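Visitor: Could you walk me through the ligand site and the open spaces of this one?
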Amino acid sequence: MSLIVRNLSIETGNYRIVKDAFLEVKKGERVAVVGESGSGKSLTALSVLKLLPENLHIAGEINVDGLNVLSLQGEELRKFRWEKVSMIFQDPSASLNPLMKIKEQIGEALLYHGKAEKGEIEEKVVELLKLAEVPEPEERMNTYPHHLSGGLKQRVAIAMALACNPDYILADEPTTALDVTVQSKILNLLKNLSVEKNTGILLITHDMGVVAEFSQRVFVMYAGYTVESGRTAEIFEKPLHPYTKGLIECSPVLKGGEKRKLFSIPGNIPEPSEEIAGCPFHPRCPEVKEICKKEVPPTVEVEGRRVRCFLYWD
Ligand SMILES: Nc1ncnc2c1ncn2[C@@H]1O[C@H](COP(=O)(O)OP(=O)(O)OP(=O)(O)O)[C@@H](O)[C@H]1O
Ligand SMILES: [Mg+2]
């Protein structure tokens with residue numbers, strides 16, 4: 001049982017934004033997707049739910065527990081979106097209706113998907129809010145979203161995402177808008193849910209600290225490519241791709257009890273419309289070779305990891 005994105009490309013008609021993305025989340029697994037702003041993380045996640053903006057075209061394979069997602073339509077797609085895979089966004093307001101009480105909106109989703117009868121809605125809503133660790137759920141369910149703090153709103157959005165008991169949850173920077181103490185509580189909540197309910201979680205983040213704390217496996221994206229993937233512990237122990245090395249060097253993670261010096265990878269990620277010959281990271285890469293300026297490196301398997309870099313190709 002797994003959610004797989006393979007050879008994914010997303011284009012505008014004039015240029016490709018996502019060129020070759022690869023992701024995999026097994027049922028019950030916690031996976032992180034990391035990369036700088038503009039690398040295509042959100043578009044890749046939106047593709048899994050067929051929620052891409054209209055101007056974008058998609059090609060490749062998205063398969064969730066044997067379902068060919070790109071061919072899903074109508075009723076099948078509607079069920080897939082809540083019952084198989086659901087999503088949590090950076091801004092919880094994006095998934096909450098400001099005009100409806102919490103009870104009404106979670107209740108509506110439950111009724112619509114046949115997950116509760118009218119008479120049992122309150123009980124189910126309280127159950128979901130408890131699962132998302134919303135304090136005083138009986139009172140909170142009768143309020144409107146704007147009465148709640150950012151952290152509580154995100155918990156309610158998580159309760160919504162759990163309403164149909166999905167097998168996978170995509171969480172696109174769910175804690176970026178929250179303050180630090182709330183952040184780690186929300187991440188812990190998601191972690192516990194994955195363990196207790198065997199939910200696969202794909203967490204998108206910029207933050208290598210979050211990757212280290214949350215995930216078992218990590219996919220590193222750069223300029224529309226998945227450039228490295230593997231077990232989180234192994235990637236932190238020995239990053240292979242020069243971009244991954246840079247990300248780890250830049251993150252203020254504690255290693256050996258010492259807070260490492262923070263610096264950033266020189267240069268910027270290219271705009272999707274910018275044509276770069278060869279490896280898109282080559283202009284910033286400290287280990288660049290001649291071939292990197294001419295050809296896009298293939299993905300190779302090294303010690304059970306996948307890395308898209310000529311350093312590992314012979
Ligand atoms: N509808 C669209 N049409 C054209 N380009 C788009 C569209 N939506 C997004 N883009 C561009 O595609 C690129 C990738 O966007 P995406 O939102 O997936 O990046 P991201 O990795 O999630 O970045 P961030 O970390 O900032 O959230 C960006 O350069 C963005 O400007
Ligand atoms: Mg994004």
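Guide: What follows goes through the ligand, one helix beside it, and then the pockets and the cavity, and please keep in mind that this is a predicted model.

Visitor: Let's start with the ligand, then. How many residues surround ligand 1, and which are the closest?
Guide: Ligand 1 is surrounded by 16 residues, and the closest are Ser-37, Gly-38, Lys-41, Ser-42 and His-206. Sorted by class, that shell holds 5 nonpolar, 8 polar and 3 charged residues.

Visitor: And which polar atoms does ligand 1 have at short range, say around Ser-37?
Guide: An oxygen atom of ligand 1 lies 2.4 Å from a polar side-chain atom of Ser-37, and an oxygen atom of ligand 1 is 2.9 Å from a polar atom in the backbone of Leu-43. On the nitrogen side, a nitrogen atom of ligand 1 is 3.0 Å from an N or O atom in the side chain of Asn-55. The protein buries 70% of the 640 Å² that ligand 1 exposes when taken alone.

Visitor: Which element gives the largest share of the shell around ligand 1?
Guide: That is helix α1, residues 41-48, which contributes 3 residues to the shell.

Visitor: Why is α1 described as largely enclosed?
Guide: Because 7 of its 8 residues are buried, α1 is largely enclosed by the rest of the structure. The buried residues are Lys-41, Leu-43, Thr-44, Ala-45, Leu-46, Ser-47 and Val-48, and two of these names came up earlier, since Lys-41 is among the residues closest to ligand 1 and the backbone of Leu-43 supplies a polar atom 2.9 Å from a ligand oxygen.

Visitor: What does the chain do just after α1?
Guide: Lys-50, just after α1, takes a positive phi of about 55°.

Visitor: OK, switching to pockets. What is the volume of the largest pocket, and what lines it?
Guide: The largest pocket has a volume of about 450 Å³ and a lining of 21 residues, with Arg-81, Trp-82, Met-87, Ser-95 and Met-160 nearest its centre. Two or more lining residues come from each of α2 (74-84), β6 (85-88), α3 (102-112) and α6, with α3 giving the most, 4 residues. By class, the lining divides into 13 nonpolar, 5 polar and 3 charged residues.

Visitor: You mentioned α6. Is Arg-155, in that helix, buried or exposed?
Guide: Arg-155 lies in helix α6, residues 150-162, and it counts as buried because its relative accessible area is 10%, where buried means under 20%. A polar atom of the Arg-155 side chain lies 3.3 Å from the backbone oxygen of Ala-132.

Visitor: What about the second largest pocket, what lines that one?
Guide: The second largest pocket has a volume of about 280 Å³, and its lining has 19 residues, of which Lys-19, Pro-272, Glu-274, Glu-275 and Ile-276 lie nearest the centre. Strand β2, residues 16-26, gives the most to this lining, with 3 residues, and the classes come to 10 nonpolar, 4 polar and 5 charged.

Visitor: Last one: how many cavities of 30 Å³ or more are there?
Guide: The count is 1 cavity of 30 Å³ or more, and the volume of the largest cavity is about 90 Å³. Its lining comprises 15 residues, with Cys-279, Cys-285, Cys-292, Cys-309 and Phe-310 nearest the centre. By class, the cavity lining has 10 nonpolar, 2 polar and 3 charged residues.

Note on methods. Residues are numbered from 1 along each chain as its sequence is written. Chains are lettered from A and ligands numbered from 1 in the order in which they are written. This is a predicted model: local features need pLDDT of at least 70, side-chain atom pairs count only at pLDDT 80 or more; totals for chains, interfaces and linings use all residues. Side-chain values use heavy atoms; hydrogens and water are left out. On a 1 Å grid over the protein atoms alone, a cavity is a set of points where a 1.4 Å probe fits but cannot get out, and a pocket is an open set with protein on both sides within 12 Å along at least five of seven lines; lining residues have an atom within 4 Å of a point. Grid points are joined across faces, edges and corners, and a volume is the space filled by probe spheres set on the points. Ala, Val, Leu, Ile, Met, Phe, Trp, Tyr, Cys and Pro count as nonpolar, Asp, Glu, Lys and Arg as charged, and the others, Gly among them, as polar. A residue is near a molecule or strand if one of its heavy atoms lies within 4 Å of it. A polar contact is a pair of N or O atoms within 3.5 Å; within protein, one must be able to donate a hydrogen and the other to accept it, and residues adjacent in sequence count only if both atoms are side-chain atoms. Accessible areas come from the Shrake-Rupley method with a 1.4 Å probe; for residues, only the protein chains shown count as cover. Buried means under 20% relative accessible area, exposed over 50%, partly exposed in between (1.4 Å probe, protein chains only).
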